Amino acid sequence: MSEIAELMSKLAISEGKTETGLPGVGLYKTSGSIHRTPLLYQQGLIILGQGAKLVHFGGRVYQYDQDHYLALSVPIAAECEAVATPEKPLLSLVVDIDLGVLNELIGQIEDRIDYRSLTQGCTHQGLFLARADAAFKSTVLRLLMALSCPLEAQVLGPGLVRELLFRVLCGENAAALHALATKNTNMSRIEKALKQIHGNFSEPFNVDQLAGFVNMSPSTFHRAFKDVTAFSPIQYLKRVRLNKARSLLREDGVRASEAARMVGYESVSQFSREFRRYFGISPSHAGGMNEE
């Protein structure tokens, strides 16, 4: 086990997510295999200390492990799978992308880096893989060491997260993050639209109005949206609603009919059909003993 994996193992004290003393930074431990399943990834970096994961997105399969990290420029809907055991659990560090810090860093380095040379290694801009080189791993290791001490996490943590984002911006395939932080790019406009969707997913949805909100024509918006997320706006919204509904069923114990209403469905039967088609199980199964 590497030093990074050992520190992650000590810090990830329970199954699932472990909060740290640093906002926007968490650890995950998974001791059982993950069969291919839909999920909603949040904007951020995922760094594995042990194990490997496959992400099915946009018709392609991306594998990341201890030597490759996953960067999510925006929240995306994808499917993932992994093999893990209690003896060798999946261990990961998750770091949110602070757009304010990202903007500051780009302002300092943009004259020295040609982002056109940082080729986009993934088909869609919402996700990219990059190699975790020695400098990147050194920053991760020092961040994990700081997280082991509450005082160091408070004093040194923010600077180490900033350094980590710097390493990502200097790494391969970082052009998407540069576009994200640059005003009036398709990427920054789609990110703004995604914030609207996630903040109002239960409300009636109008693609033309959303396109106008980000100052794009409907046709350009639709094309740019799919370039970033791999889905049309309507397809993306459906996946957001269904993932939110699954969380309500699993974590809050609500009934399927209530979950359907809370995420914006008017028809419970339509919700049940789409839920089963997407997740492969009925809402009642997803929520334990809750009635549909």
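**Exercise 1. Two asparagines in loops**

Where does Asn173 lie? Work this out in the predicted model, then compare the backbone and the accessibility of Asn173 with those of Asn215.

Solution.
- Step 1. Asn173 is found in the loop that links helix 5 and helix 6.
- Step 2. The phi angle of Asn173 is near 65°, a positive value in a residue other than glycine.
- Step 3. Buried means under 20% relative accessible area. Asn173 has 8% relative accessibility, so this residue counts as buried.
- Step 4. Asn215 sits in the loop between helix 8 (207-213) and helix 9. Asn215 is not a glycine either, and its phi is positive, at about 60°.
- Step 5. The exposed class begins over 50%. With a relative accessible area of 62%, Asn215 is exposed.
- Result. Positive phi occurs at Asn173 and at Asn215; Asn173 is buried, whereas Asn215 is exposed.

**Exercise 2. The sheet of four strands**

Give the strand order of the sheet that contains strand 3, and identify its edges.

Solution.
- Step 1. The sheet is open, has 4 strands in the order 3-8-5-6, and is paired in the antiparallel sense.
- Step 2. Strand 3 (34-41) and strand 6 (60-64) each have a single partner strand, so they stand at the edges and one side of each lacks a neighbour in the sheet.
- Step 3. From one strand to the next, the twist averages 30°.
- Step 4. Take one pair in detail: strand 5 (residues 53-57) runs antiparallel to strand 6, and 5 bridges join the two. Within this pair, Lys53 is opposite Tyr64 of strand 6.

**Exercise 3. The sheet of six strands and its helices**

Describe the sheet that contains strand 1, then find how helix 3 and helix 5 lie on its strands.

Solution.
- Step 1. The 6 strands form an open, antiparallel sheet in the order 1-2-9-4-7-10.
- Step 2. Strand 1 (16-19) and strand 10 (127-131) are the edge strands, each pairing on one side only.
- Step 3. The twist here averages 25° between one strand and the next.
- Step 4. Strand 4 (residues 44-50) is joined to strand 7 (residues 68-72) by 3 bridges in the antiparallel sense. Leu45 has Ala71 of strand 7 as its bridge partner.
- Step 5. Helix 3 (residues 134-147) packs on this sheet and touches strand 2 (25-30), strand 4, strand 7 and strand 9 (90-95). The direction of helix 3 makes about 90° with that of strand 9.
- Step 6. Helix 5 lies across strand 2, strand 4, strand 7, strand 9 and strand 10, at about 95° to strand 4.

**Exercise 4. The buried side of helix 2**

Which residues of helix 2 (residues 99-109) are buried, and what do they pack against?

Solution.
- Step 1. Leu102, Leu105, Ile106 and Ile109 are buried.
- Step 2. These residues span an arc of only 100° around the axis, so they are on the same side of helix 2.
- Step 3. The buried residues of helix 2 pack against helix 5 (157-169) and helix 6 (175-181).

**Exercise 5. A helix crossing**

Classify the crossing of helix 7 with helix 9, and break down the contact by residue class.

Solution.
- Step 1. The axes of helix 7 (residues 186-199) and helix 9 (residues 218-229) come within 10 Å and cross at roughly 85°.
- Step 2. Angles of 65 to 115 degrees count as roughly perpendicular, and helix 7 is therefore roughly perpendicular to helix 9.
- Step 3. Helix 7 contributes Asn186, Met187, Ile190, Ala193, Leu194 and Ile197 to the contact, and helix 9 contributes Phe221, Ala224, Phe225, Val228 and Thr229.
- Step 4. By class, the contact has 9 nonpolar, 2 polar and no charged residues.

Conventions:
Residues are numbered from 1 along each chain as its sequence is written. This is a predicted model: local features need pLDDT of at least 70, side-chain atom pairs count only at pLDDT 80 or more; totals for chains, interfaces and linings use all residues. Side-chain values use heavy atoms; hydrogens and water are left out. Two strands pair if DSSP finds at least two bridges between them. Axes are lines fitted to C-alpha atoms, for helices over the stretch in contact, and angles run from 0 to 180 degrees between N-to-C directions. Angles under 35 degrees count as roughly parallel, over 145 as roughly antiparallel, 65 to 115 as roughly perpendicular and the rest as oblique. Contact means heavy atoms within 4.5 Å. Ala, Val, Leu, Ile, Met, Phe, Trp, Tyr, Cys and Pro count as nonpolar, Asp, Glu, Lys and Arg as charged, and the others, Gly among them, as polar. Buried means under 20% relative accessible area, exposed over 50%, partly exposed in between (1.4 Å probe, protein chains only). The arc is that of the directions from the helix axis to the C-beta atoms.
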